[in-house]
Structures are given as structure tokens and as C-alpha cells.
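Please open the model in a viewer and keep the sequence at hand. The stops below each begin with a selection and then state what is found there.

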Amino acid sequence: MAAHDNWFRTVRSDALPPGRRQVVAVAGVEVALFNVGGNLLAIEDVCTHDGAPLADGEVEGEVITCARHGARFSLRTGEVLAPPAYEPLPCYEVRVVDGWIEVREAG
Ligand code: FES
């Protein structure tokens with residue numbers, strides 16, 4: 001996967017319509033992409049509580065609930081919204097270039 005200015009090309013944007021999610025590998029890291037009502041959001045796919053993959057969790061609006069123990073996170077900021085997790089999730093910036101979803105680590 002090529003990187004330009006730390007942006008990594010992932011999947012075609014038409015492969016991720018509203019309501020869909022997909023896990024992609026970005027520089028060796030599993031990243032979960034979400035299309036929430038037309039907004040593309042990306043987080044590292046590892047719960048900061050005990051390492052569970054998050055992408056299968058229930059999504060309500062821009063909040064995801066870890067399927068393992070129920071921690072809740074903002075998909076937009078990575079902020080913890082409910083324990084047992086306390087550490088925020090790494091987030092990714094997302095853009096679409098030439099019909100491709102590209103991500104790079106935020107901050
Ligand atoms: S692993 Fe996610 S809440 Fe425990």
C-alpha cells in the first residue's frame with residue numbers, strides 16, 4: 001500500500017456505503033473504517049481495555065460499544081465514553097481522493 005505524506009490508500013469509497021464498516025491493514029495496523037450517515041470515520045481496531053477487535057461492536061450514531069466488555073468510544077475522537085476502558089483509541093483522519101478512501105494517523 002503506497003503512502004503519500006503519511007496518507008494510506010485503503011478501499012474504494014463506493015465499497016463503503018452508509019452503514020457499512022470494513023477493517024483494513026494500514027502500515028501493519030488494523031484500522032476499522034466506518035461510514036456513519038455519509039461521514040467516514042476510522043479508528044484503530046483494538047479496544048484499549050483488553051485488546052478485543054472493535055469493528056464487530058454495536059454502533060449507535062458515532063459511538064461504538066466493544067463487544068467483549070462493553071466499553072464505549074467515540075468513533076470521531078477516540079474518546080472513552082464508558083468504562084471499563086480508560087485510554088482513548090488512536091484515530092485516523094480520512095479523506096477521499098479519486099474515489100479511494102485514504103487515512104492517516106491523527107495528531
Ligand atoms: S476488551 Fe473492550 S471493553 Fe474489554
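Begin by selecting Asn-6, which counts as exposed because 11 C-beta neighbours fall inside 10 Å, where 12 or fewer is the limit for that class. This is a predicted model, and the positions discussed here should be read as such. Asn-6 sits in the loop that links strand E1 (3–4) with strand E2 (7–12). Its backbone deserves inspection: phi is positive, about 70°, although the residue is not a glycine.

**The chain as a whole**

Zoom out and display the secondary structure. The chain holds 11 strands and 0 helices, so that from the N terminus on the elements read β-β-β-β-β-β-β-β-β-β-β. The radius of gyration is 13 Å, close to the 13 Å that the globule rule gives for 107 residues, so the chain is as compact as a globular protein of that length. The C-alpha trace spans about 40 × 25 × 20 Å along its principal axes. Of the 107 residues, 26% count as buried. Among contacts between residues at least 6 apart in sequence, 33% join residues at least 24 apart.

**Strands E3, E4 and E5**

Select residues 21–26 and 29–36, which are strands E3 and E4. The two run antiparallel and are joined by 6 bridges. To follow the register, pick Gln-22 and find its bridge partner in E4, Leu-33. Strands E3 and E4 form a hairpin with 2 residues between them.

Now centre on Ala-27, in the loop between E3 and E4. Phi of Ala-27 is near 50°, a positive value in a residue other than glycine. Is Ala-27 buried or exposed? Ala-27 is exposed, with 12 other C-beta atoms within 10 Å.

Extend the selection to residues 39–44, strand E5. E4 and E5 also run antiparallel, and 6 bridges join them. Within this pair, Val-31 stands opposite Glu-44 of E5. The hairpin of E4 and E5 has 2 residues between the strands, and Gly-37 takes a positive phi near 60° there.

**The nonpolar core**

In soluble globular proteins, nonpolar side chains tend to be buried together. In this model, which residues of the largest nonpolar core touch the most other members? Select Val-31, Ala-32, Ala-42, Ile-43, Tyr-92 and Val-103: of the 23 residues in the core, these touch the most other members. Colour the contributing elements next: E4, E5, strand E10 (91–97) and strand E11 (100–105) each give two or more residues to this core. The largest share, 4 residues, comes from E4.

Ala-42 is a useful residue on which to centre the view. Leaving aside neighbours within four places in sequence, Ala-42 is in contact with Val-31, Ala-32, Leu-33, Cys-91, Tyr-92, Val-94 and Val-103. Leu-33 will be recognised from the earlier stop, as the bridge partner of Gln-22.

**The open sheet E6-E7-E8-E9**

Hide the core and display the open sheet, in which 4 strands follow the order E6-E7-E8-E9 with antiparallel pairing. Strand E6 (58–60) and E9 stand at the edges with a single partner strand each, so one side of each is left without a neighbour in the sheet. Direction ignored, neighbouring strands of this sheet are turned by 30° against each other on average.

Select strand E8 (residues 72–74) together with E9 to see an antiparallel pair held over 2 bridges. Arg-72 has Ala-82 as its bridge partner in E9.

**The loop between E9 and E10**

The last selection follows strand E9 (80–82), where the loop between E9 and E10 contains Pro-84. Which peptide bond is cis? It is the bond from Pro-83 to Pro-84, with omega near 20°.

Tyr-86 belongs to the loop between E9 and E10 as well. With 9 C-beta neighbours inside 10 Å, Tyr-86 counts as exposed. To finish, draw a distance from the C-alpha atom of Tyr-86 to that of Arg-72: the two residues are 14 apart along the chain, and these atoms are separated by 9.9 Å.

Note on methods. Residues numbered from 1 in each chain as written. Predicted model: local features only at pLDDT ≥ 70, side-chain atom pairs only at ≥ 80, totals over all residues. Pairing = 2+ DSSP bridges. Core = buried A, V, L, I, M, F, W, Y, C linked by C-beta atoms within 7 Å. Buried ≥ 20, exposed ≤ 12 C-beta atoms within 10 Å, placed from the backbone. Contact = placed C-beta atoms within 7 Å. Rg over C-alpha atoms; globule rule 2.2 N^0.38 Å. Axes fitted to C-alpha atoms, helices over the stretch in contact; angles between N-to-C directions.
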